[in-house]
Amino acid sequence: MAIFIQKFFTLSFVVFACFFSLPAEAKDHVGRARIVDGDTIVINGVRIRFYGLDTPEKKQLCKRANGKPYRCGSAATAYLRGLIGKQRVVCRDLGPAIIGQRRWGKCTVNGKDIFKAMVRAGHARIFHTSEYAVEEKQACAAKIGLWQGFHKTPGQFRRCFRRDRSQYRACSF
């Protein structure tokens, strides 16, 4: 009888542990969004980083076709703000982001894919995905947004800017 009880509790523990270690069902974050920058929003206190996109940083500068610098990070943020406005945003939670207290998410507004719109308008680059490669190639060919002149990738800018935060201009070009 003791062996039966021991096996019963062992089996119960294994079943219990397996059940609670299963990944949780993906959660949607729904509501009005506060725009942090071109690829991060906050919905109901949850900071969501757009999965598969990278936009220029707030202080990052890019060059237009005529060589004049412009604040491409601010342009990406402004485009996102105009895209979302005060409308309800739905973001599918894809899990914890690597850096900071953020979640990876894939978001829509009125059923429209926010990411596709950002890439198509040339305000975002694809990052760790090929899902929007067609839209990125189209933006590049049309020379719009980031593709109208010269830009460093947001990752290149971040690495330089971390070394010397006063050098955002030098890090941009």
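Note to self before starting: I call a residue buried if its relative accessible area is under 20%. I'm also keeping in mind that this is a predicted model.

**Aromatic pairs.** I looked for ring pairs and found four of them in the structure. I started with Phe 50 and Phe 115, which make a tilted pair with centres 4.8 Å apart and planes at 35 degrees. Phe 50 belongs to strand β3 (residues 46-50) and Phe 115 to helix α3 (residues 114-120), so this pair ties together parts 65 residues apart in sequence. I checked burial too: Phe 50 and Phe 115 are both buried.

Next I pulled up Phe 157 and Phe 161, a stacked pair at 5.3 Å centre to centre, with 15 degrees between the planes. These two sit four residues apart in helix α5 (residues 154-163), so about one helical turn separates them. Phe 157 comes out at 1% relative accessibility, so I log it as buried. Phe 161 has 11%, so it counts as buried as well.

**Cluster.** Back to Phe 50 and Phe 115: I see that they form one aromatic cluster with Tyr 132.

**Charges over rings.** I then went looking for cations on ring faces. Lys 63 lies over the face of Phe 173, 4.7 Å from the ring centre. Arg 64 has its charged end over the ring of Tyr 70, at 4.2 Å from the centre.

**Glu 135.** Last lookup: is Glu 135 buried or exposed? Its relative accessibility is 8%, so I put it down as buried. I place Glu 135 in helix α4 (residues 133-142). Leaving out residues up to four places away in sequence, Glu 135 touches Lys 116, Val 119 and Arg 120.

Note on methods: Residues numbered from 1 in each chain as written. Predicted model: local features only at pLDDT ≥ 70, side-chain atom pairs only at ≥ 80, totals over all residues. Heavy atoms only, no water. Buried < 20%, exposed > 50% of the residue type's maximum accessible area, 1.4 Å probe, protein only. Contact = heavy atoms within 4.5 Å. Phe/Tyr/Trp six-rings, centres within 6.5 Å; stacked < 30°, edge-to-face > 60°. Lys NZ or Arg CZ within 6 Å of the ring centre and 35° of its normal.
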